[in-house]
Amino acid sequence: MSANTSRKQRPDNEEQSGHGEQRASPARLSLGKKQLPPIPKNATPITKPASSGTPAQSANGTHASYGPFYLEYSLLAEFTLVIKQKLPGIYVQPSYKSALMWFGVIFIRHGLYQDGVFKFTVYIPDNYPDGECPKLVFDIPVFHPLVDPVSGELDVRRAFTKWRRNHNHIWQVLMYARTIFYKINTTEPLNPEAAVLYEKDVQLFKSKVVDSVKLCNSHLFDHPKIDDPYAISFSPWNPAVHEEAKERMFTCKRRPEDHHKGMQVSGLSWVKPGSTQPFSKDDSPPQS
Amino acid sequence: MMASMVANGSRDGQSLVLKGVDPETCMIVFKNHWAQVVKILEKHDPLRNTSSLSSLSVINLSSGPRFGPVPGDEANAVQNYVEHMLFLLMEEESGQAGAMGPILEFVVMENVMERLFVWSLRREFTDDMKLEQLKMYEMLVGQAHQPLLHHKPILRPLMMLLSSCSGTAAPAVEAELVLLLNQLCCVLAKDPSVLEMFFHTSEDQGATNFLIFSLLIPFIHREGTVGQQARDALLLIMSLSAENERVAQHIAENTFFCPVLATGLSGLYSSLPTKLEVPGEEWHGLHREDWLHMPALVQFLNSLEFCNAVIQVAHPLIRDQLVSYIYNGFLVPVLAPALHKLTLEEVMTTTAYLDLFLRSVSEPALLQTFLSFILLHRHESVHILDTLVSRINTPFQLGTVSLALFRTLIGLYCEDVMLQLVLRYLIPCNHMMLSQRRVVRERDCYSVSAAKFLALTPTCCTPDHSPPPLRQLESILFSKGSEVAAHTDSSEKKSFSEKHHENSCTIGSELYLDVSYLHYLYDAHLGISSCIRACQVWSAQYDGEDPPPEKYQPGVLEEPWLKSRQTQMALKRVPQPLAPRPRVCPPPPRAEPPSVNQELEWDDSYDVCQMKTAEAPVESKPPQLPVSEPPRHIQEMRRTAIMLVNGSYNEENEFQDDVMVYDLVAKKDAREVEHGGGKPKGSESEDVQPGAGEVSLKNGLSLTLPAAVMADNGKSSSDTKAKVQTDCNSNVQNTTALELGDDLLSQYEELIRTLDTQAGGKPVQADGESKKPVSPLEEEEEEEMDFTSFSAETPEAEKVQLPFGTKFRSGSSSRSQSVPFTGPFVSVLLSRLENMLSNSLYVNLLLTGILAQLASYPQPLLRSFLLNTNLVFQPTVRSLYQVLASVKNQIEELAATRTDFPELITAAQHWMLARETLMAAADKSRSGGGSTHGEAGGILKNSPPPKPKAISLDRTEVFATVLYTEFLKELAAVAQEHSILSYIPMEE
């Protein structure tokens, strides 16, 4: 298996997740291609422009038409926060169809779940950030006390009993998803069997975990559960396909400079660092 | 003649003939010809000493033949032979390993060219002869197959020819000379080794070291092809200088290149029109289509462009010298006084020029020169920048043009500019509550600010109030991934999605979205990204920590480096005797550069005021942080305004209201009319011709800068020069007042009335009393009033006589460091924005454009100040949001009182939409692509607007309402994009 998450070829490769260095522009709202997320509940949709004929300070009406923009940008902001955090071993990517659904994968590098590669999907409530906390569902239910053995849903709510805007962010959910594999908690489990085994028979628990990890990894190359152009999919290492991409990833560190050279927009400054005086630079007079 | 025949095309035939002819035959032919020529030459050589050139110095180049005329047939014979010889020489290929071909070798050995040159000197050395010789060399240099210029016997006569042409005035000879020089420079550029030859040859002649260069200098500022060729040639040498220290040094130390260039700018500037005809109210700056019709301006721009190019390619030595000459030889002595001329029109024109120049200059070093002039230079001890900022508040075209200038300035992404204009007032962070400092860097995750801005949308402008074609609304299908529903409580979903299919699903009711908002988002994205990129070269983050607010030391701004540098330069630069002196001809000063002494400075009295208060005892004033104080003229303006309104508006830190200021000045001037009436008018200034138009202009001027006017009486005898000037100033007013006493008053009243009409909803104006046209009677009452009660904190010592003879306390101490002030620039912008409803559409377009650009800057200090609606400011600080809210109130009040408002809005929207479409089309045809969305993108183009159909542009309040709504969207979009873009880590 390739070390990097080699994803399905996408026609539009703009949206990539995880790697902080990869681009300067976030997922931009591109017209026509990408549809806006559902209408948030707090914004009452205007049914017909003419019918809402009550001129009485329709501040709500004004807001309603912009509601989707607020939601979209809130989610984009969350996504940039995720990028900024550079969470170890976690990669996410919003779906093509809805900004409220993010695909992710988590690599476990040591501990009981070592070598586990778990794909998951994050579902964000459409009244974000005022609703419940986002849900995180593993594609394959991992054997873990906090993961529902049937649905694969992680018990996120125990960590975020009340989702508070400005305090809670989606990257924290992702971080939490990572933590559970390193620090196992058995209280009020969603998978009682796993909890009991962990308490009573760690050896058996361990072997079950190994089986679960194996199971997950054996399904790694499966077609993504959700059919979406931006869904994360794995494929076996194929030099013809992946070598070039790998090459690019390793060289992309140099790119910003190149970018800079061809850039027409360039600012001016003759302010000496640490000074607040204009034209204070020592080489302020044009000296090369 | 021989050359002209060549040029006529016989050459082609010849070369064809020569193609295949074996070189030896050519050599024989050449020698034969030469033998014939020599025969004739020697026959007419008085000294019979053909190889010596010592005779050359004796020959008087300009006089006629000395040794008797040469018979025509002999002269013709020589010409024919020479012509053939030249063909042979040109066509000869160089020998093995770059050795000279046999013919060339012969030419060099026999000193053919020199002897031919002497021969032509012997005959009448007329312009025609020069032309002939020049063409001959031009042909040789341009078309020879082997390098010729390495050989002194060829180079030397060429140099002699060139120097003999240096004084020529005949246009034909000049054209040919420049062409040849241009060609020589091309050769130099290709083969710098020739350069050494040029230097050495010149030394032999005792001439200027670098003759071809010196010869080109006089043509620098020429118009037409000659000028262009000369400039191109010089540029070649400039780029040569970048690599060759010797050339650079020579040019910098032994030639007049830089001074000629710089003084040339001054000369060309002086021939520009001092007053521009303004095509229409929408006009705000000189654009290509304007200046293309102004030959003088085209010529100036050519020279400026040339300076720009020189600075770009030349050696640092030359670059520095040129930049310093431009500063000290053009900007300070010419442009600074021009910016302070007497009439509004002239000042407006100069401002438009400055704006154009800034837009034309691209080289950082040259831009730096212009910018340091604007930011740091003091004219009559007032910074140019302060003066320019204060003019934003002027009514009439000057204010508009000043706005356009600042649009250009803040579009440069220059840290120094932004620092002086805005950031330095924000760095100390005392515009916000102390607890709020951490908020500066906070991001607005949930678009709260955008929502707050959009919530200001006036009721009459909400999307559901506009008919479909205008709304540009489109239904956007909202969809959600199928999985979303699967994993969320289905009960919640039900409300707006009964069922949906896998890919795209239409939700029961369509939602109408303002599509134009998407465009604003797109524009904001582009604007912020490029701004972020550009600001990467800045020295600090300006995020409330870097630079640290506590350590901020405003310091004293010094006159820039250029001054000392220039003196050094001047000392070093001992003009050397230049043998054939390059004809330094700064373009004829058709109009004298404006001399400072004769000009009546229109606002220098401001300094008098400043100086006086500086001398006054300032016990209570804390010495540190003078920057937290606004410039004095603004303080004065505000203070007086506040006092005038007398209690109805005494909140000290609310910014001055324009209308009140106008009112005040009107009153003050009304008084002056009275007072002036009693005075003898002996000291009438000569420049003043009190025509009616002139007068109103001057009134406009004093109107705009009340501080200047007020200072007239407040001045002391401390500075005689300034005193004289201000005296003149008041004389002008007195005089004009005398002649047109009542007329003037009514003009003011008229003006104030027009200014007032739209301002009904403003809180400031609640007191109708204060803006009534002033009658002399009321004036008397005002006089009695004791204003001290309004400025109790001012020490008694600082009282200053006011024009009305009222006791008045200077505002110098009114601002301690703790009083927050966000700077005159921001204040004046916000103040104009608050008056949006009475501004013309074009002023509002510029104003909102500037504010949107400012809001696009990523610096957290600036961003939080303009866009963060959650930030808690000091109560005395006005925020953009507050001002916008006040405008909203004005609009709502207006809409409530006028029944036809909705129709008018619709008409205005139609008009603006048509204008937008028109400009987009013009844009597309001009650039072929590059879509500009939204108003903001297209504002600053100069395309003629369509004629409004149902609505007059005079309905400023209607247009302002429409624009206001759009501006809210623009700001909201900028705020939203900031919440994403400004936080993307930029990895280096």
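Biologist: Which residue stands opposite Y123(A) in strand 4 of chain A?
Modeller: This is a predicted model, where local features need pLDDT of at least 70, side-chain atom pairs count only at pLDDT 80 or more, and totals for chains, interfaces and linings use all residues; side-chain values use heavy atoms, leaving out hydrogens and water. Residues are numbered from 1 along each chain as its sequence is written, with chains lettered from A and ligands numbered from 1 in the order in which they are written. Look across from Y123(A) to strand 4 of chain A (strands are DSSP runs of E, at least two residues, numbered from the N terminus), and you hit K135(A).

Biologist: How many bridges join strand 3 of chain A to strand 4 of chain A?
Modeller: Strand 3 of chain A spans residues 117-123. It runs antiparallel to strand 4 of chain A, and the bridges between them number four.

Biologist: Which are the edge strands of chain A's sheet?
Modeller: The sheet is open, with four antiparallel strands in the order 1-2-3-4; pairing takes at least two DSSP bridges. An edge strand pairs on one side only. That picks out strand 1 (90-94) and strand 4 (135-138) of chain A.

Biologist: Are helix 8 and helix 11 of chain B roughly parallel or roughly antiparallel?
Modeller: Helix 8 (residues 171-190) and helix 11 (residues 224-243) of chain B have axes that come within 9 Å. These axes cross at roughly 25°. Angles under 35 degrees count as roughly parallel, over 145 as roughly antiparallel, 65 to 115 as roughly perpendicular and the rest as oblique. So helix 8 and helix 11 of chain B are roughly parallel.

Terms used
Axes are lines fitted to C-alpha atoms, for helices over the stretch in contact, and angles run from 0 to 180 degrees between N-to-C directions.
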